[in-house]
Amino acid sequence: GHDYSMQLKQEYALETEEIAQKELDKEVTKTAVLIAYYQPISKKELIDIVGEKVRDHVDLLVKMKLIYQNRTNRGYILETTPKFFEFFGIEAKSKEELKGMLAKSAGLK
C-alpha cells in the first residue's frame, strides 16, 4: 500500500501552518478531523468519542467558520464548511474524497 500524508498546496503551506499552529492546537485539529471523517455527526456522538472538552473545540471551530453546527430535533449536527478544505489546504473536492484521504492518513483503511 502507499503512504499518504495530508499534502498542502505550496502556496498555502507556510501560511496555513502558521495559522493552524496559532489558532488550533493538536487536540482541536484532531476534533476537526474527526468531524470531517464522520460527518454528518451529532455533537452528542462526538462528545461520546472525545469527551466533554469537545464542546470548546466545536465552539472554536464554529467561530472560525470551519464547521457548521446545525440544530435539528436530534440535537446539533456537525459538518465541515468549504473553508475547512481551504484552511487545511486539502485538495479533496467531496466529502467522500476527504474521507478517503483522512482514512489513509489516519491508517483507517
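**Close-up views of a predicted model**

**View 1. Pairing of the strands in the predicted model.** In this predicted model, strand β1 (residues 41-42) and strand β3 (residues 75-80) run antiparallel to one another and pair over 2 bridges. Strand β2 (residues 67-72) also pairs with β3 in the antiparallel sense, in this case over 6 bridges, and a hairpin of 2 residues makes the connection from β2 to β3. Leu78 in β3 appears in both pairings, since Ile41 stands opposite Leu78 and Gln69 likewise stands opposite Leu78.

**View 2. The largest nonpolar core and its principal members.** The largest nonpolar core comprises 23 residues, of which Leu24, Ile35, Leu61, Leu66, Phe84, Phe88 and Leu98 touch the most other members. Two or more residues of this core are supplied by each of the helices α2 (26-38), α3 (43-50), α4 (54-63), α5 (82-87) and α6 (95-105), and the greatest contribution, 4 residues, is that of α2.

**View 3. Surroundings of Leu98.** Leu98 is among the core residues that touch the most other members. When its neighbours within four places in sequence are left aside, Leu98 is in contact with Ala36, Gln39, Phe84, Phe85, Ile90 and Ala92; of these partners, Phe84 is itself listed among the core residues that touch the most other members.

**View 4. Thr80 in strand β3 and its contacts.** Thr80 lies in strand β3, and its relative accessible area of 5% is under the 20% limit, so Thr80 counts as buried. Leaving aside neighbours within four places in sequence, the residues in contact with Thr80 are Ala36, Gln39, Leu66, Ile67, Tyr68, Phe85 and Lys95. Ala36, Gln39 and Phe85 appear in this list and also among the contacts of Leu98.

**View 5. The cis peptide bond between Gln39 and Pro40.** Gln39 and Pro40 are joined by a cis peptide bond, for which omega is about -5 degrees, and Pro40 is found in the loop between α2 and β1. Most peptide bonds, by contrast, are trans. Gln39, on the other side of this bond, is also in contact with Leu98 and with Thr80.

**View 6. The backbone at Lys65.** Lys65 is placed in the loop between α4 and β2 and has a positive phi of about 60 degrees, although it is not a glycine. For most residues other than glycine, phi is negative. The relative accessible area of Lys65 is 55%, which is over the 50% limit, and Lys65 is therefore classed as exposed.

How values were computed:
Residues are numbered from 1 along each chain as its sequence is written. This is a predicted model: local features need pLDDT of at least 70, side-chain atom pairs count only at pLDDT 80 or more; totals for chains, interfaces and linings use all residues. Side-chain values use heavy atoms; hydrogens and water are left out. A nonpolar core is a set of buried Ala, Val, Leu, Ile, Met, Phe, Trp, Tyr and Cys residues joined through side-chain atoms within 4.5 Å. Buried means under 20% relative accessible area, exposed over 50%, partly exposed in between (1.4 Å probe, protein chains only). Contact means heavy atoms within 4.5 Å. Two strands pair if DSSP finds at least two bridges between them.
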